[in-house]
Amino acid sequence: MKSLAEYLAKKAKSKIKNEKRRAKAKLLWVADTASRTSVKAKIVRALGLLDRQRNGNSCRIHGAPCVGGVAYHILPQMNGDAFRFIEENVIWACNQANRGEQMNRDLYAQKHRQIFGDAYIQAIRDEAARIKASPGFPYTRAALREIFESVKKRLTEPR
Ligand SMILES: [Zn+2]
C-alpha cells in the first residue's frame, strides 16, 4: 500500500511538471493582437530555447552550466531584423555573458571568433545580407508570425 508521504511526493512532483508545461505553453503563445515587438521577442526567446534543445543547458559563451539562461545574439540584434532571427546567430548563454556583451562588444566579438570561428560568423553575415536583399524583407507582421510558428513547431517536436 502506498504511504501518504509517497502520495504527497508524487502529487508535488506532478504539480511542478504541470507548472513547467504551463510556463512553456505561455512562453510559446502569441495573441492575434500581439505587437510586432512582442512577436519579435517571442521568436528570439524560442530560438534561444531551440539552441538549448540542441546543445544542452550549458552557456555557450562560458561552456559551463552558468546561472540564468537567455537567448543571446552572436552578431547583435541591434543590427536589425535581418540578423535577429538567423538561427545560427541565436545561442543559449547566461545573463552575465549577455550583459557583458552589451557593455563591451569588441571584447565579445573577439571571444565569438575564438569560440565559433571566423567562417561561422562570416556565414551569419552572408545570410543577413541575403535576407536583406530578398523580396520578403523587411518582414511583414504575417511573416513574423510565420517565423514564430515555424520555430515553435521545431521546438515542440519530439526529438
Ligand atoms: Zn555563462
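A crossing of two helices is called left-handed if the near helix is turned anticlockwise from the far one by less than a right angle. Keep that in mind for a later stop on this tour of a predicted model.

**The whole chain.** Start zoomed out, with everything shown as a cartoon. You should be able to count seven helices and two strands, and walking along the sequence takes you through the pattern α-α-β-α-β-α-α-α-α. Along the principal axes, the C-alpha atoms occupy a box of roughly 65 × 40 × 30 Å.

**Two domains.** Now colour residues 1–30 one way and 33–156 another: the domain assignment calls these domain 1 and domain 2. Their C-alpha centres are 31 Å apart.

**α2 and α7.** Next, select residues 36–55, which form helix α2, and residues 141–156, which form helix α7. How do these two helices pack? Their axes lie 9 Å apart at an angle of about 25°. Angles under 35 degrees count as roughly parallel, so α2 is roughly parallel to α7. Here is the stop promised at the start: α2 passes α7 in a left-handed crossing.

Turn on side chains to see who takes part. From α2, the contact includes V39, I43, A46, L47, L49 and L50, together with R36, K40, K42 and Q53. Facing them from α7 are L144, I147, F148, V151 and L155, plus R141, R145, K152 and R154. By class, this contact has eleven nonpolar residues, one polar and seven charged.

**α5 and α6.** Move your selection to residues 105–116 for helix α5 and 118–133 for helix α6. The axes of this pair are 6 Å apart, and the packing angle is about 110°. The two helices are therefore roughly perpendicular to each other. Show H112, R113 and F116 in α5, then D118, Y120 and I121 in α6, and you have the residues that meet. Three of the residues in this contact are nonpolar, one is polar and two are charged.

While you are here, look along α5 by itself. Its twelve residues reach 16 Å from the first C-alpha to the last, close to the 16 Å expected at 1.5 Å a residue. Then click on G117, just after α5: this glycine takes a positive phi of about 90°.

**A cis peptide to finish.** Which residues are joined by a cis peptide bond? Select F137 and P138, where omega is about 0°. You will find P138 in the loop between α6 and α7.

Technical notes: Residues are numbered from 1 along each chain as its sequence is written. This is a predicted model: local features need pLDDT of at least 70, side-chain atom pairs count only at pLDDT 80 or more; totals for chains, interfaces and linings use all residues. Axes are lines fitted to C-alpha atoms, for helices over the stretch in contact, and angles run from 0 to 180 degrees between N-to-C directions. Helices (H or I, at least four residues) and strands (E, at least two) are DSSP runs, numbered from the N terminus. Angles under 35 degrees count as roughly parallel, over 145 as roughly antiparallel, 65 to 115 as roughly perpendicular and the rest as oblique. Two residues are in contact if their C-beta atoms, placed from the backbone, lie within 7 Å. Ala, Val, Leu, Ile, Met, Phe, Trp, Tyr, Cys and Pro count as nonpolar, Asp, Glu, Lys and Arg as charged, and the others, Gly among them, as polar. Domain bounds come from an automatic or database domain assignment. The expected span of a helix is 1.5 Å times one less than its number of residues.
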